[in-house]
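Subject: Structure for you to look at

Hello,

Here is the structure I said I would pass on. Please open it first; my notes follow below.

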Amino acid sequence: MNYPKITNRMRSFCLFLCLLACSLVVVPQSKEVVLIKAGRLFEAKTGRMLSNQAILVEGNRIKEYGDVQMIVSKAPANARTIDLSNATVLPGLIDSHVHLTGDIQRPELANYSLPLKTLMGAKNARITLEAGFTTVRNVGSPGYSDVALRDAINLGDVVGPRVLASGPALTQTGGHGDNNILPPELQVTSEGVVDGVPEAMRKTRLFIKYGADVIKVFATGGVMSKGDSPAEESFSDEELRAIVTEAHRLGKKVAAHAHGASGIKQAILAGVDSIEHGSYINDEIVQLMKEKQVWLVPTMYLTYWTPEYMEKTGVRAYSLEKAKTVSRAGQNNVSRAIKAGVPVAFGTDAAVYPHGLNGREFGVLVKLGMSPIQAIQAATVNAAKLIGWADRVGSIEPGFFADIIAVSGDPLKDVTVLERVDFVMKDGQIIKNNFANAQANTH
């Protein structure tokens, strides 16, 4: 067999191809390793406070934690060290009920465009993250503004917490969430309005199509709306079941705003995953929630803040009266439910009071019967279970996202220190570090 003669030109071309191939090989960049020294570390799953601990973070994940000497010995020489040895370190907090694109302190908000509300949401997202809440569930925003905000955060264009977004909330005609203020000749109906089973099914599917991570439904009337009552049911049994069935079939959970006892019970029997507020919860409902493992998201700080704020600012009389009645009932009934052992996940309804004050919910939960450990677990491991992310957030352990916060003082002795978070890391990136600032100012 005659083989072709290999010329110098052919050899040069082959060498060029080899060099080109080598240049196209992507060499993975080594992930930054961060060593965090913790004076105290809250172990969320066990509720223990551990002393003299350290955490090894690699990229955006926690690699290991344990005794400080052991972890330091395993850290590579080029690891960046963060000294929190005079602080208490905890997992990033989770708020299961926020409205990032809303703000009660802007009474003219109804006149704002959706793009403006979304931009306001970006501001509120950063405020929320800097308050120590590295994950939130946004339950109700018009025009999918929270979906857009979530996506911008995920793209790295906006600084904010991890967001599970609901898009608009489902309501009945004239219910909480419908626009009942404008005159009838304008024929304004909110985008979340559904009447009848076919419409309930269609809009549930539609919201999920456009990016909803969770479905929010107004199972009863509310406080800030006109013409409805928090004690009244909003849907028929068939409508609620249709919403829950479609959401679950498509892999999404359902959060039910519910104040009145009959509406809470109806929502639980329909299969919802959480009851938001639960102002008129009773002993029968507590037992039902315990049996079916339905979470209560109490949002109790707002019951102290909102009526007083409304009175000062001259909010409409019908809302003020409802706020006073519902707040008194909620404080008494939720306190009994907490003491009876209903499953609780942390949520605030931030936007009904200013964003960034989310941490004030801890002190109220303790006031209503929780121990500090239980209150912190409500905002970490419990909330992580509720939102379906128990395998990635809510705990400091190997493989979880490097979402870590730190405070001065011991929150098991004084839970209100969580109102003043000094260090925030999300996804392995430092968002806030007042300890470093304080050290710099002493030199």
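Arg-61 lies over the face of Phe-401, 4.1 Å from the ring centre. A second arginine, Arg-162, also lies over the face of Phe-401, at 3.7 Å from the ring centre. Please keep in mind that this is a predicted model.

Arg-162 also leads into the sheet, since this residue in S7 stands opposite Thr-135. The sheet is open and has 3 strands in the order S5-S6-S7, with parallel pairing. Strand S5 (93–98) and strand S7 (162–165) are at the edges with a single partner strand each, so one side of each has no neighbour in the sheet. From one strand to the next the twist averages 15°. Strand S6 covers residues 133–138, and its parallel pairing with S7 runs over 4 bridges. As background, strands of a sheet pair through backbone hydrogen bonds, in either the parallel or the antiparallel sense. Helix H4, residues 145–155, lies across S6 and S7 and runs at about 150° to S7.

Next, the aromatic residues. How many aromatic pairs are there? The count comes to 6. One of them is Tyr-144 with Phe-207: the ring centres are 5.9 Å apart and the planes stand at 85°, which is over 60 degrees, so the pair is edge-to-face. Tyr-144 is in the loop between S6 and H4, while Phe-207 is in helix H5 (residues 197–209), so this pair ties together parts 63 residues apart in sequence.

Are these two residues buried or exposed? Tyr-144 has a relative accessible area of 17%, and because buried means under 20%, Tyr-144 is buried. Phe-207 counts as buried too, at 2% relative accessibility.

Tyr-144 also forms an edge-to-face aromatic pair with Tyr-210, at 5.5 Å centre to centre and with 65° between the planes. This pair again links distant parts of the chain: Tyr-144 is in the loop between S6 and H4, Tyr-210 is in the loop between H5 and strand S8 (214–218), and they are 66 residues apart. Tyr-210 has 43% relative accessibility and counts as partly exposed.

Elsewhere, Phe-133, Phe-346 and Phe-362 form one aromatic cluster.

If you look at one residue, I suggest Tyr-144, which pairs edge-to-face with Phe-207 and with Tyr-210.

Best regards

Technical notes: Residues numbered from 1 in each chain as written. Predicted model: local features only at pLDDT ≥ 70, side-chain atom pairs only at ≥ 80, totals over all residues. Heavy atoms only, no water. Pairing = 2+ DSSP bridges. Helix = DSSP H or I, 4+ residues; strand = E, 2+ residues; numbered from the N terminus. Axes fitted to C-alpha atoms, helices over the stretch in contact; angles between N-to-C directions. Contact = heavy atoms within 4.5 Å. Phe/Tyr/Trp six-rings, centres within 6.5 Å; stacked < 30°, edge-to-face > 60°. Buried < 20%, exposed > 50% of the residue type's maximum accessible area, 1.4 Å probe, protein only. Lys NZ or Arg CZ within 6 Å of the ring centre and 35° of its normal.
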